[in-house]
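Please read these comments with the sequence and the model side by side. They are meant for someone who has not seen this structure before.

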Amino acid sequence: MKPQSRYASLSGYLDLSRSFGIDPGRLMRANGLDPASLSIQDRWLPSAAVIQLLEQSASESGRQDFGLRLGELRRFSNLGPLSLVIREEPDVRSAVQLLIRYEHVYNEALRLHLSEVNGSAVVRVRLEPGEPMETRQSVELVVSVLHRLLRGFLGPDWQPLAVCFAHRPPDDPSTHQRIFGPTVSFDHDFTGIALDAADLSAPNRMSDPQLLAYALQFLDGIEPAKDTTVLERVRELIELLLPTGRCSMEQVARSLGVDRRTVHRQLAEHGETFTTVLNDTRAELAVRLLESRRYSQTEIAELLSFSAPSNFSRWFRTRFGCAPSHWPTP
């Protein structure tokens, strides 16, 4: 399956896009993403869609520093439950190692590698979205977030030995120089951050050993079971794709990086078909939307990808035994 990322990877995207005069909703929907889901940071989406979205946003806005600027809007909490654990690590080295160990918890396309040689350390960054594509903006976003994380541990005056990018330099490198300092370079043989190995031994003054043990236990507990990953991802993708009007077995299979027969076989192992999962997900969403009282029945029909409100009403009556208008609301 193709790698997935959390919606938290797009934290701040709406405001940044609007500040540059582009329509974030239109671009997100064009890439099969739901703008409303940005409020649910722990929902997963295809990493390739995020990468493509950031490239298109940079192109339309004319801002080659789009990924960097998005990184500046990130907060420590955007790492999700992992932030609880990293905050309690005793030193910078163990925090970075934990970030690498649990990279799959927040971004399955991300590959981080830490090496130490002759008193220097390098954290290398690589993205593997599962298909050939330009990754410049996403790579710069990751490096920006990593740089902010290290500066959070080492203090606002800390400077890396070097910040390296394998891609070509931008037309205007002023944002890169402002964020990373004078040691930023391009056309390098790797992408990553070099620092003094002694920096990795700097203590984390926020660390509480007792809280660390609890945080690690919590993080291990939230990892999804391997045998339910496919079913859960199909459900999440259906919920994601329904408002776009492009929810189909073929589209879900493409998002997972497999063919439709593989999806059919893996769902069958759980006693499900694509239709049963689609109907169950629609039912959950229909109830949630009706009970929120924020949407008309016409709007709900559109969000659930029905061609007309009457089709939604017939489906709802068959599923629940009553008309949508008669569904009790809290």
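The points below go from the whole chain to its cores, then to one helix and a few single residues.

1. Status of the model. This is a predicted model, and the remarks that follow should be read with that in mind.

2. Overall make-up. The secondary structure of the protein chain consists of 15 helices and seven strands. Along the principal axes, its C-alpha trace spans about 70 × 50 × 40 Å. A compact globule of 330 residues would have a radius of gyration near 20 Å, and the 22 Å of the protein chain agrees with this.

3. Burial and contacts. Of the 330 residues, 51% count as buried. The accessible surface of the protein chain is about 15,900 Å², and carbon and sulfur atoms account for 49% of that. Among contacts with a separation of 6 or more, 68% join residues that are 24 or more positions apart.

4. Nonpolar cores. The largest nonpolar core holds 50 residues, and Leu10 and Val234 have the most contacts inside it. Helix 13 gives the largest share of this core, eight residues. A second core, separate from that one, has 39 residues, including Ile51, Val125, Leu150 and Phe180.

5. Valine 234. Which residues does valine 234 touch, leaving aside those up to four places away in sequence? They are Val252, Leu256, Val263, Leu267, Phe274 and Val277.

6. Helix 15, length and buried side. Helix 15 covers residues 309-320; at 1.5 Å a residue, its twelve residues should span 16 Å, and the end C-alpha atoms are indeed 16 Å apart. Phe312, Trp315 and Phe316 are buried in this helix. Seen down the axis, the buried residues of helix 15 fall within an arc of 100°, so they line one face of the helix. Their cover includes helix 13 (274-292) and helix 14 (297-303).

7. Helix 15, other side and end. On the face turned away from the buried side, helix 15 carries the exposed residues Arg314 and Thr318. Glycine 321 follows the helix and has a positive phi, near 80°.

8. Serine 144. This residue is placed in helix 7, which runs over residues 136-154. Is serine 144 buried or exposed? Its relative accessibility is 1%, so serine 144 counts as buried. Not counting residues up to four places away in sequence, serine 144 touches Leu68, Gly71, Glu72 and Phe180. Of these contacts, Phe180 is also listed in the second core.

9. Glutamate 239. Helix 10 (residues 229-241) contains glutamate 239. The relative accessibility of glutamate 239 is 15%, and it counts as buried because the cut-off for buried is under 20%. Beyond residues up to four places away in sequence, glutamate 239 touches Arg43, Thr281, Leu285 and Arg288.

10. Positive phi outside glycine. Two residues deserve a look here. Aspartate 187 has a phi near 55°, a positive value in a residue other than glycine. Aspartate 187 sits in the loop between strand 6 (184-185) and strand 7 (192-196), and is exposed, with a relative accessible area of 53%. Serine 305, likewise not a glycine, has a positive phi of about 65°. The loop between helix 14 and helix 15 holds serine 305, which is partly exposed at a relative accessible area of 26%.

Technical notes. Residues numbered from 1 in each chain as written. Predicted model: local features only at pLDDT ≥ 70, side-chain atom pairs only at ≥ 80, totals over all residues. Heavy atoms only, no water. Helix = DSSP H or I, 4+ residues; strand = E, 2+ residues; numbered from the N terminus. Buried < 20%, exposed > 50% of the residue type's maximum accessible area, 1.4 Å probe, protein only. Contact = heavy atoms within 4.5 Å. Expected span 1.5 Å × (residues − 1). Arc of directions from axis to C-beta. Rg over C-alpha atoms; globule rule 2.2 N^0.38 Å. Areas by Shrake-Rupley, 256 points an atom, 1.4 Å probe, with all protein chains shown as cover. Core = buried A, V, L, I, M, F, W, Y, C linked by side-chain atoms within 4.5 Å.
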